[in-house]
Amino acid sequence: MISFNYETDFEIANKADFTNWISRVIASENKTEGEINYIFCNDDYLHQINLEYLNHDTLTDIISFDYSVGNEIHGDIYISVERVADNAQDFEVSFDEELRRVIIHGVLHYCGYKDKSPEQEILMRQKEDEKIKMFHVEQ
């Protein structure tokens, strides 16, 4: 089950489209959908989580906590809407495109993809691009 939670005024308008897409992405990676909670927040909220749980004194767009068991995907994905908006401007893409990238980035971590090394970052970006293309594709 995929749920969307809000610690800010932002709200996803087309939840069903996002839920269906995320479910299809999980299935495309031969994983089973468990419980995934998205928590949309602001920079201050996510910064506090970054400090408290990861001991990182930096702003970030996403923090994911993976509770997956085997091939069943479970986790909490915190997303700073402010960071997404700033990154969209920096990368010269729409807010919606950057939001989709961040939303699926967390799921890809749960599927086993990492982004610590340059090679891993390249593969992660390729997977993000591949999965973003699935957003409007009905199967």
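When I speak of a contact in this talk, I mean heavy atoms within 4.5 Å. With that in hand, Tyr 113 touches Glu 29, Leu 108, Leu 123, Met 124 and Lys 127, once residues up to four places away in sequence are set aside. Please keep in mind throughout that what we are looking at is a predicted model.

Let me stay with Tyr 113 for a moment. This residue is found in the loop between helix 4 and helix 5, and because its relative accessibility is 15%, under the 20% limit, it counts as buried. Its side chain makes a polar contact of 3.4 Å with the side chain of Lys 127, a residue that also appears among those Tyr 113 touches. Met 124 is another of those partners, and although Tyr 113 and Met 124 are eleven residues apart in sequence, their C-alpha atoms are 6.3 Å apart in space.

From that loop I would like to step back into helix 4, where His 105 is found. His 105 counts as buried, at 12% relative accessibility, and, leaving aside its neighbours within four places in sequence, it is in contact with Ile 62, Asp 115, Met 124 and Glu 128. Met 124 therefore turns up in both contact lists, that of Tyr 113 and that of His 105, with contact taken as heavy atoms within 4.5 Å. Two further distances relate His 105 to residues later in the chain: its C-alpha is separated by 8.7 Å from that of Arg 125, 20 residues along the chain, and by 9.4 Å from that of Lys 131, 26 residues along in sequence. Arg 125 itself is found in helix 5 and is partly exposed, with a relative accessible area of 42%.

His 105 also brings us to the largest pocket, which has a volume of about 720 Å³. Of the 23 residues that line this pocket, the closest to its centre are Asp 61, Ile 62, His 105, His 109 and Asp 115. The elements that give two or more residues to the lining are helix 2, strand 3, which covers residues 62-66, helix 4 and helix 5. Which of the elements gives the most to the lining of the largest pocket? That is helix 4, with six residues.

Turning now to the first helix, helix 1 runs over residues 15-28, which makes 14 residues, and it reaches 20 Å from its first C-alpha to its last, close to the 20 Å expected at 1.5 Å a residue. Its buried residues are Phe 18, Trp 21, Ile 22, Arg 24, Val 25 and Ile 26, and you will notice an arginine in that list, Arg 24. What do the buried residues of helix 1 pack against? They pack against strand 1 (2-6), strand 2 (32-41), strand 4 (72-80), helix 4 (95-110) and helix 5 (118-132).

Just after helix 1 we come to Asn 30, in the loop between helix 1 and strand 2, where phi is near 55°, a positive value in a residue other than glycine. Asn 30 counts as exposed, at 66% relative accessibility. A second asparagine can be described in a similar way: Asn 55 has a positive phi of about 60° although it is not a glycine, it has its place in the loop between helix 2 and strand 3, and at 69% relative accessibility it counts as exposed.

Helix 2 itself, residues 43-54, holds Asp 43. Is this acidic side chain's residue buried or exposed? Asp 43 is buried, with a relative accessible area of 8%, and a polar contact of 2.7 Å joins its side chain to that of Arg 83. Not counting residues up to four places away in sequence, Asp 43 touches Leu 59, Ser 80 and Glu 82 as well as Arg 83.

Finally, a word on the cysteines. Cys 41 is buried, with a relative accessible area of 0%, and Cys 111 is buried too, with a relative accessible area of 11%. How many disulfides does a search of the whole structure find? The search finds zero, so no pair of cysteine sulfur atoms lies within 2.5 Å.

Definitions and conventions
Residues are numbered from 1 along each chain as its sequence is written. This is a predicted model: local features need pLDDT of at least 70, side-chain atom pairs count only at pLDDT 80 or more; totals for chains, interfaces and linings use all residues. Side-chain values use heavy atoms; hydrogens and water are left out. Helices (H or I, at least four residues) and strands (E, at least two) are DSSP runs, numbered from the N terminus. The expected span of a helix is 1.5 Å times one less than its number of residues. Buried means under 20% relative accessible area, exposed over 50%, partly exposed in between (1.4 Å probe, protein chains only). A polar contact is a pair of N or O atoms within 3.5 Å; within protein, one must be able to donate a hydrogen and the other to accept it, and residues adjacent in sequence count only if both atoms are side-chain atoms. On a 1 Å grid over the protein atoms alone, a cavity is a set of points where a 1.4 Å probe fits but cannot get out, and a pocket is an open set with protein on both sides within 12 Å along at least five of seven lines; lining residues have an atom within 4 Å of a point. Grid points are joined across faces, edges and corners, and a volume is the space filled by probe spheres set on the points.
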